[in-house]
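Work through the following exercises with the sequence and the structure at hand. Each task is followed by a solution in steps.

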Amino acid sequence: MNAPLTSRVTRIGRGTKIAAAVAAIVGFVVTVGSTPAIGEWTTNATVSSSATTPAVSITHSGFDTLGTTFLHSTPDQRGGFTITNTGNTAGRPTLHVTATGTLADDTHTFVWQTTSVASCQDPMPPTVAQGTWAAFPSLDLGTLAEGASTAVCVRSWAADPDLLSEPSGTRMLTADASATLIVGGWEAPSSPATATLKTQFIYPLATGYATSGINNWYVIKPVSDPTQCLDSFNRGTNVGNTIGVWACGGASNQRFEILPTQNGKSALRPKTAAEQYVGQSNGVTVQATTGTSATDWRVERITAATYQIVHSDSGLCLQAGTNAQNQLRACNGATSQQFTLSREPLGCSVSGTEMTLDYKAPSTNRYYTTEYKLGEGDWSDAYREQSWGVNSSTFPVSVFETQGTLDVRIIDSAGNVLYGGMTIVVSPGGTTCGTGFV
């Protein structure tokens, strides 16, 4: 009899152990710089099947080139950086930017995606993401195919000197950026790259140089050579006359008034041609007609005793030479771009029946008249100086035919008010100097 046929069935019970080996290697490396990043994920088992994801790699370069120094004349900086997928699978790149420092909130940013960094210098597209460095705008960079690159353009705009000014002349921000490539459910962040942006030689507007009620004529000297004075060459009265520096001589063509105009700007007018202002033409200073932005200046305080004079249109600094026409150059902190202001005094005295007003009249072919008025009345002539280049006018107090506190001013024959805001007091007991004289 044959033995019965048996079958051997191996059953897996609780005590049965399955020998298996599973090795998982996950590596994502993303760099911001020149070294490519490679990430691999491989799973192996003793079973006959396996699964492998492709390499994931991204590079991000050029962010550090966005670092810049803003001057009055260069408030607008553009640049860009490149993100490249150097792996063998498509992914979605994202960008993360943070910034710290006192400049971060006050520097505007305009950000857009393009094909190459070179095109960042082209006209800015009509639609861009906007923000500040402190609140950097986000971009949807789409999907980046393997081996493909995309560029991100950044325009940094720091054009408001009142907002950006600092007693030290400098404010700063430090920006950090990192890129991330997203493939499926995996994210691979990079190490950050850094860009540093700062302002330089942007100081607060000066105050106190244009005081109501007293004259505001100044002798203006460069710190680089205090023997030189701002000078209207040859006492010229024509538009285009040279404004430069010359050896100080005390003449009226070395007297300039600083007149506040608007939005913190000022005009400089030469005493010898008070109907004109100091302007610029082709990078040098000249006398110019009033009422144009070419004659707008910012007078900024560097220290308690020194000032920087910045042309509002160009953002260039007034720069003195020696016995030469002034230049307009990028502000650089040189002593030739720093000036002192010495107010010209206007004195008043009474001796017996005569009054003397001490001032430096321009030595040009113009006459100077002292006028007075009471309250809202009309101006009346008190005395007309008959000579040129005088240092003072002396006349009898009897010329003031009205009693009370009188407003007094001195005008030239072109109608320019050279001195104003003064008063004298005429009473039965005599005439005395009032306010506004220094």
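Helices (H or I, at least four residues) and strands (E, at least two) are DSSP runs, numbered from the N terminus. This is a predicted model, in which local features need pLDDT of at least 70 and side-chain atom pairs count only at pLDDT 80 or more, while totals for chains, interfaces and linings use all residues. Residues are numbered from 1 along each chain as its sequence is written, and side-chain values use heavy atoms, with hydrogens and water left out.

**Exercise 1. Find the loop that holds Asn263, and state whether Asn263 is buried or exposed.**

Step 1. Asn263 sits in the loop that joins strand 18 (256-260) and strand 19 (266-270).

Step 2. Apply the cut-offs: buried means under 20% relative accessible area, exposed over 50%, and partly exposed in between (1.4 Å probe, protein chains only). Asn263 has 63% relative accessibility, so Asn263 counts as exposed.

Step 3. Check the backbone. The phi of Asn263 is near 55°, a positive value in a residue other than glycine.

**Exercise 2. Describe Asn282 by its loop, its accessibility and its phi.**

Step 1. The loop between strand 20 (277-281) and strand 21 (284-288) contains Asn282.

Step 2. Asn282 counts as exposed because its relative accessibility is 77%.

Step 3. Although Asn282 is not a glycine, its phi is positive, about 55°.

**Exercise 3. Place Phe63 and list what it touches.**

Step 1. Phe63 belongs to the loop between strand 5 (58-61) and strand 6 (68-70).

Step 2. Its relative accessible area is 1%, so Phe63 is buried.

Step 3. Contact means heavy atoms within 4.5 Å. Leaving out residues up to four places away in sequence, Phe63 touches residues including Phe81, Val97, Trp133 and Ala175.

Step 4. Phe63 and Phe81 are 18 residues apart in sequence, and their C-alpha atoms are 5.3 Å apart in space.

**Exercise 4. Which residues have the most contacts inside the largest nonpolar core, and which strand gives the most to it?**

Step 1. A nonpolar core is a set of buried Ala, Val, Leu, Ile, Met, Phe, Trp, Tyr and Cys residues joined through side-chain atoms within 4.5 Å.

Step 2. The largest such core has 28 residues, and Phe63, Leu66, Phe81, Trp133, Val154 and Leu173 have the most contacts inside it.

Step 3. Elements giving two or more residues to this core include strand 7 (76-85), strand 8 (92-100) and strand 11 (149-157). Strand 12 gives the most, with six residues.

Step 4. Another core, of 23 residues, lies apart from this one; among its residues are Ala274, Cys348, Ala382 and Val397.

**Exercise 5. State where Ser413 lies and how far it is from Arg384.**

Step 1. Ser413 is in the loop between strand 33 (404-412) and strand 34 (417-427).

Step 2. With a relative accessible area of 49%, Ser413 is partly exposed.

Step 3. From C-alpha to C-alpha, Ser413 and Arg384 are 9.7 Å apart in space, with their positions 29 residues apart in sequence counted as the separation.

**Exercise 6. Summarise the whole protein.**

Step 1. The secondary structure comprises one helix and 35 strands.

Step 2. Of the 438 residues in the protein, 45% are buried.

Step 3. Among contacts with a separation of 6 or more, 62% are between residues 24 or more positions apart.
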